[in-house]
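Colleague: Before the predicted model is used any further, I should like a close look at one part of it. Please begin with the chain in general and then turn to that part.

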Amino acid sequence: VSKRLTVPDITARKGGRPIVAITAYSALTARLVDRHADLILVGDSVAMVEHGMASTLGATLDMMILHGRSVMRGAARALVTVDLPFGSYEAGPDEAFRSAARVLGETGCTAVKLEGGEAMAGTVAFLAARGVPVVAHIGLTPQAVMALGGFRTQGRARADWDRIRRDAIAVAEAGAFAVVLEGIVEPLAAEITAAIPIPTIGIGASPRCDGQIIVLEDILGLSPRVPRFVKRFGSLGEDADAAIAAYAAAVGDRSFPGPDNVYQPKD
Ligand code: KIV
Ligand code: NA
C-alpha cells in the first residue's frame with residue numbers, strides 16, 4: 001500500500017507535473033478515483049449532484065462529514081480535502097476553526113476548502129496557524145450564487161481583474177496551500193498561476209493552472225446538464241440506462257432470475 005500524499009507533496013507540484021484532482025462523495029467512487037487522482041475533493045457540489053438540490057447552499061456540515069467519512073474509507077493514496085459548506089465558516093475565524101476541527105477530527109481527511117479571497121484571508125490565516133491545511137477557492141464561488149446572480153464566469157471585463165488578482169494573492173499570503181480557480185477567463189487564470197507561489201487548481205480556468213479539478217459525475221457522463229467547461233470523458237449515463245432497461249425487460253419476461261441466479265436445495 002503506497003502511502004497517502006501530503007500537503008508538501010501537493011505544494012511541491014507548483015510549476016511541475018499537473019495535479020490531478022477529482023471530486024468523490026462516497027467510498028465507491030473514491031476507490032475508482034484514488035488510483036488516478038492526487039487530490040480528492042469531497043465537494044459541497046454533493047448537495048446538487050447526489051441530493052438533487054438547486055445550489056450548494058443546502059449542504060450542511062453533517063452532510064459533508066458523512067460523505068467525508070465514506071470517501072476516507074475508499075481512498076488510500078490521494079490527499080482528501082472536504083469543503084466547508086455555506087454557513088459553517090463565514091461568521092468568523094472561530095466558527096471556521098470549530099467547523100474545520102470537526103471535519104478533520106471526524107473524517108480523518110487532510111484539508112478543508114473554503115470559498116472567498118481577500119474577505120476570507122484572515123480566516124485562512126487563523127486556520128493555517130492552527131494546523132489546518134486550507135485550500136482556497138476564488139473566481140466563480142458557487143456559495144455566492146445568489147449574490148452573483150447565477151453561475152457567471154468571472155473576469156470577462158478586464159476592470160474586474162485587479163479584484164480577482166488581489167483575492168489570489170491574499171489567500172496565498174494568508175497561508176492557503178493551494179487555490180481553486182473556478183470560472184475565470186483563461187488569460188487571467190494563467191497570469192494568477194504565474195504570479196502566486198502556491199499551486200492553482202483550475203476548473204473552467206486554464207490549462208496553464210498547476211492542476212485541474214472536475215466533478216466526477218460530469219466527466220463520466222452521468223450528469224444530465226453540464227457547464228461548457230466540462231468535457232465528458234465517458235457515457236455512463238447511457239450505459240446505466242441500457243442496463244436498467246435490460247433488467248426491467250428481463251423481470252418483465254421472467255428471463256431473470258435465470259437458473260444461475262437461483263438456489264436449489266442440497267437433497
Ligand atoms: O464542490 C465542488 O465540487 C467544488 C469543485 C468543483 C471545485 O468546489
Ligand atoms: Na465546492
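What percentage of the 267 residues in the chain is buried? Please then examine the place covered by the UniProt annotation "binding site". Which residues does the annotation cover, and what is D44 in contact with beyond its neighbours within four places in sequence?

Modeller: The model is predicted: local features need pLDDT of at least 70, side-chain atom pairs count only at pLDDT 80 or more, and totals for chains, interfaces and linings use all residues. Residues are numbered from 1 along each chain as its sequence is written, with chains lettered from A and ligands numbered from 1 in the order in which they are written.

Of the 267 residues in the chain, 43% are buried (20 or more other C-beta atoms, placed from the backbone, within 10 Å of the residue's own; exposed means 12 or fewer, partly exposed in between). The chain holds 11 helices and eight strands (DSSP runs: H or I of at least four residues, E of at least two, numbered from the N terminus). Its C-alpha trace spans about 75 × 40 × 35 Å along the principal axes. Of the contacts (C-beta atoms within 7 Å) between residues at least 6 apart in sequence, 60% join residues at least 24 apart.

As for the part in question, the "binding site" annotation comes from an unreviewed UniProt entry and covers D44, D83 and E115; such annotations may be inferred rather than shown by experiment. These residues span 72 residues in sequence, yet no two of their C-alpha atoms are more than 10.9 Å apart, so they gather at one spot.

D44 sits in the loop that links strand 2 (39–42) to helix 3 (46–49). Is D44 buried or exposed? D44 is buried, because 30 other C-beta atoms lie within 10 Å. With its neighbours within four places in sequence left aside, D44 is in contact with T56, A59, M64, D83 and P85. Of these partners, D83 also belongs to the annotated set.

E115, by contrast in setting, is found in strand 4, which comprises residues 111–115. E115 counts as buried too, because it has 25 C-beta neighbours inside 10 Å. Once residues up to four places away in sequence are excluded, E115 touches H137, T141, Q143 and A144.

To bring these points together, D44 in its loop and E115 in its strand are both buried, and together with D83 they carry the UniProt annotation.

Key
Two residues are in contact if their C-beta atoms, placed from the backbone, lie within 7 Å.
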